[in-house]
Amino acid sequence: MTKTPVNRRSRGTGTEDGTLTDRAYRELEEMIVTLQLSPGTVLSEQALAVRLKIGRTPIREALQRLARDGLVVIMPRRGIMVSEINLRLQLRLLEVRRELERLMASLAAERATSDERREFAEVAQAMLAAAAKADDIAFMRLDQRFNILIATAARNEFARRSMGLMNALSRRFWYQHYQEVADLPLAAKLHAAVANAVAQKKVKAAATASDQLIDYIEDFARKTLDT
């Protein structure tokens with residue numbers, strides 16, 4: 001990855017820092033979600049800046065965003081720690097996700113543009129292909145793309161912000177346990193059903209597919225109790 005020169009005191013740094021903050025957020029979020037940075041890990045801004053080849057200011061801003069997402073905990077005078085994974089929290093989160101995801105799937109099916117519908121169809125096929133290859137990282141990245149796409153297509157900023165607080169926590173929980181209790185092809189099939197319903201402008205089908213996806217995710221979460 002090419003390092004981008006940064007001079008935060010020069011003109012135009014706002015845009016550059018914003019871009020670097022977004023990049024830092026994406027990379028750190030994936031590292032946390034895929035457990036490269038495991039729960040309980042104490043993070044150092046300096047070490048992360050060296051690892052990602054990004055300045056400390058974008059790293060700090062990215063960590064603040066991750067704290068809002070619940071992926072890290074900022075402890076005054078003690079540092080920053082990757083948050084623990086909690087089953088009870090996950091089940092409470094799913095109560096809210098069910099209602100929000102049904103709403104957003106319905107709105108996306110109604111409001112998506114032609115280009116967005118084509119992208120939904122592409123994501124559906126790519127998810128099925130990733131599952132067929134047992135490529136968990138590709139699937140996780142497609143799931144994030146799916147989440148962003150449906151939040152955009154729904155065109156409701158309040159629902160989007162609420163879902164943004166839940167997606168990363170849910171994906172990390174899934175990644176931690178999927179090898180023991182998950183069915184990757186089934187997960188891909190259920191995600192693809194939502195994506196295809198949106199692509200085909202089927203509002204009721206999108207809502208039904210969303211509920212079926214959450215049914216699977218809830219069952220998955222409860223099965224982790226037995227592992």
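Strands β2 and β3 (residues 79-82) run antiparallel and are joined by four bridges. This is a predicted model, so please read the points below in that light. Together with β1, these strands make an open sheet of three, in the order β1-β3-β2. Helix α3 lies across β1, β2 and β3, and the loop that leads into this helix has some details worth a look.

**The sheet**

- The pairing in this open sheet is antiparallel.
- As a reminder, strands of a sheet pair through backbone hydrogen bonds, either parallel or antiparallel.
- The edges of the sheet are β1 (42-43) and β2 (72-75), each of which pairs on one side only.
- If you want one bridge to find on screen, look for Met-75, whose partner in β3 is Gly-79.

**Helix α3**

- Helix α3 covers residues 56-69, which makes 14 residues.
- From first C-alpha to last, α3 reaches 20 Å, close to the 20 Å expected at 1.5 Å a residue.
- Its direction is at about 110° to that of β2.
- The buried residues of α3 are Pro-58, Ile-59, Ala-62, Leu-63, Leu-66 and Asp-69.
- These buried residues sit on the same side of α3, because they cover an arc of only 135° around the axis.
- The general rule behind such a pattern is that an α-helix has 3.6 residues a turn, so residues three or four places apart point the same way.
- After α3 comes Gly-70, with a positive phi near 85°.

**The loop between α2 and α3**

- Both Lys-53 and Ile-54 belong to this loop, which follows α2 (45-52).
- Ile-54 is buried, as its relative accessible area is 5%, whereas Lys-53 is partly exposed at 44% relative accessibility.
- Leaving aside residues up to four places away in sequence, Ile-54 touches Leu-20, Arg-23, Ala-24, Ala-49 and Ile-59.
- One of these contacts, Ile-59, is itself among the buried residues of α3.
- Gln-90 is 36 residues from Ile-54 along the chain, and their C-alpha atoms are separated by 32 Å.

**Positive phi outside glycine**

- Most residues other than glycine have a negative phi.
- Lys-53 is not a glycine, yet its phi is positive, at about 60°.
- Arg-155 is not a glycine either, and its phi is positive at about 55°.
- You will find Arg-155 in the loop between α6 (136-154) and α7 (157-164).
- With 40% relative accessibility, Arg-155 counts as partly exposed.

Technical notes:
Residues numbered from 1 in each chain as written. Predicted model: local features only at pLDDT ≥ 70, side-chain atom pairs only at ≥ 80, totals over all residues. Heavy atoms only, no water. Helix = DSSP H or I, 4+ residues; strand = E, 2+ residues; numbered from the N terminus. Expected span 1.5 Å × (residues − 1). Buried < 20%, exposed > 50% of the residue type's maximum accessible area, 1.4 Å probe, protein only. Arc of directions from axis to C-beta. Pairing = 2+ DSSP bridges. Contact = heavy atoms within 4.5 Å. Axes fitted to C-alpha atoms, helices over the stretch in contact; angles between N-to-C directions.
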